Amino acid sequence: MEDDLSFGAVLKSYLEINDYNVTWVDDGKYALDKFKGGEFHICILDVMLPNVDGFTIGSEIRRINSDIPMVFLTAKSMKEDILKGYNLGADDYITKPFDTEVLLAKIQAIIKRQSLENKTEELVFEIGSYSFDSKLRKIARNGETQKLSPKEADLLKLLCQNKNELLSRETALRKIWGEDGYFTARSMDVFITKLRKYLKDDPKVEIKNIHGSGFMLEAPSQPTPKEKD
C-alpha cells in the first residue's frame with residue numbers, strides 16, 4: 001500500500017519480477033476492503049497514505065489477523081513514529097529512500113521465518129475429550145463437530161497454548177483484538193461464554209475466570225477416553 005504512484009508501480013513490478021503476487025492500493029480508504037477480500041502473506045504499509053494513514057490501517061489489520069507480518073514504509077525517521085510502528089506489531093520499519101533489493105531481502109527473511117514458525121507450531125490440541133483443529137477452526141467430540149469463528153478459534157488456541165496456566169486479559173486482548181480497551185474486553189467476555197458452551201459436555205474441562213487477572217483453561221494433561229452419549 002503505497003501512495004506515490006510512480007514509486008508504487010515500480011515497486012509492484014519489481015516484486016512481481018521476483019515471483020510475488022502483489023495487490024497495490026494507493027488510497028488508505030480502500031486498503032481494508034482489499035485486505036478483507038484476499039489472502040496475503042505480508043502487508044507493506046506506507047505511513048503517509050491519503051485519507052487513512054498506514055498506522056490506522058495496520059491497527060485494523062491487527063484486529064483482523066494477529067499474525068500476518070507487517071512492514072511500514074515512511075519518509076519519517078522520528079523515533080516516536082518508529083516506536084509507534086513496532087508497538088502496532090510491525091516486523092520492520094523502513095525509511096525512504098531505500099534500496100529495493102534490501103526491501104526484497106527483508107520480505108524474504110520475514111516470510112521464511114513465518115513459514116518455519118507455521119511448520120513447527122502446534123495446530124491440533126486435545127482438550128479433555130475434545131479435539132481442536134485451530135487451522136480448520138473445528139472442535140470435534142464423539143463424531144460431532146463445531147465450527148468456530150476466526151476470533152473464537154484464535155482465543156481458544158491461545159487458551160490451549162497456556163492450558164492449566166493463567167492467560168492474562170491484556171495478553172489475549174492485544175494479541176487478538178490489538179488493544180485492551182473496555183469495549184474489546186466486553187467483547188472477549190462474550191467469546192469466552194461461547195467457548196464454555198462449546199466445551200460444556202466434558203465435566204473435566206473448564207474455562208475459569210481468574211478475578212482481575214484473566215482466564216485459565218483447565219483440562220487433563222492427557223486426553224481422557226471419549227464418553228459415549
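Contact means heavy atoms within 4.5 Å. The exercises below use a predicted model, in which local features need pLDDT of at least 70, side-chain atom pairs count only at pLDDT 80 or more, and totals for chains, interfaces and linings use all residues. Residues are numbered from 1 along each chain as its sequence is written, and side-chain values use heavy atoms, with hydrogens and water left out. Helices (H or I, at least four residues) and strands (E, at least two) are DSSP runs, numbered from the N terminus.

**Exercise 1. Two buried residues**

Task: State where Ser131 is found, whether Ser131 is buried or exposed, and which residues Ser131 is in contact with. Then do the same for Gly85.

Solution.
1. Ser131 belongs to strand S5.
2. Its relative accessible area is 18%, so Ser131 is buried. Buried means under 20% relative accessible area, exposed over 50%, and partly exposed in between (1.4 Å probe, protein chains only).
3. With neighbours within four places in sequence left aside, Ser131 is in contact with Val124, Phe125, Glu126, Lys138, Ile139 and Ala140.
4. Gly85 lies in helix H4 (residues 79–87) and is buried, with a relative accessible area of 0%.
5. Not counting residues up to four places away in sequence, Gly85 touches Phe55, Phe72, Ala90 and Tyr93.
6. From Gly85 to Asp53 there are 32 residues in sequence and 12 Å in space, C-alpha to C-alpha.

**Exercise 2. The sheet**

Task: Give the strand order of the open sheet of four strands, and name the strands that stand at the edges.

Solution.
1. The order is S4-S5-S6-S7, and the pairing is antiparallel. Two strands pair if DSSP finds at least two bridges between them.
2. Strand S4 (124–127) and S7 each have a single partner strand, so one side of each is left without a neighbour in the sheet.
3. From one strand to the next, the twist averages 20 degrees.
4. Strand S5 (residues 130–133) is joined to S6 by three bridges. Phe132 has Ile139 in S6 as its bridge partner.
5. H6 packs on this sheet and touches S4, S5, S6 and S7, and its direction makes about 70 degrees with that of S4.
6. Strand S6 (residues 138–141) and strand S7 (residues 144–147) run antiparallel and are joined by four bridges. Ala140 is opposite Thr145 in S7.
7. S6 and S7 form a hairpin with two residues between them, and Asn142 in the turn has a positive phi of about 50 degrees.

**Exercise 3. Two helix pairs**

Task: Describe how H2 packs with H3, and how H6 packs with H8.

Solution.
1. Two packed helices are described by the angle between their axes and the distance between the axes. Axes are lines fitted to C-alpha atoms, for helices over the stretch in contact, and angles run from 0 to 180 degrees between N-to-C directions.
2. For helix H2 (residues 28–36) and helix H3 (residues 54–64), the angle is about 20 degrees and the axes are 10 Å apart. That makes H2 roughly parallel to H3. Angles under 35 degrees count as roughly parallel, over 145 as roughly antiparallel, 65 to 115 as roughly perpendicular and the rest as oblique.
3. The residues in this contact are Gly28, Ala31, Leu32, Phe35 and Lys36 of H2, with Ile57, Glu60, Ile61 and Ile64 of H3.
4. By class, the contact of H2 with H3 has six nonpolar, one polar and two charged residues. Ala, Val, Leu, Ile, Met, Phe, Trp, Tyr, Cys and Pro count as nonpolar, Asp, Glu, Lys and Arg as charged, and the others, Gly among them, as polar.
5. For H6 and helix H8 (residues 182–198), the angle is about 75 degrees, with the axes 10 Å apart. H6 is therefore roughly perpendicular to H8.
6. Lys151, Glu152, Leu155, Leu156 and Leu159 in H6 meet Met188, Phe191, Ile192, Lys194, Leu195 and Tyr198 in H8. This contact has eight nonpolar, no polar and three charged residues.

**Exercise 4. Backbone exceptions**

Task: Locate Pro97 and Asn51, and describe the backbone at each.

Solution.
1. Most residues other than glycine have a negative phi, and most peptide bonds are trans.
2. Pro97 is in the loop between strand S3 (92–95) and helix H5 (100–120). The peptide bond from Lys96 to Pro97 is cis, with omega near -5 degrees.
3. Asn51 is in the loop between strand S1 (43–46) and H3. Although Asn51 is not a glycine, its phi is positive, about 75 degrees. Asn51 is exposed, with a relative accessible area of 61%.
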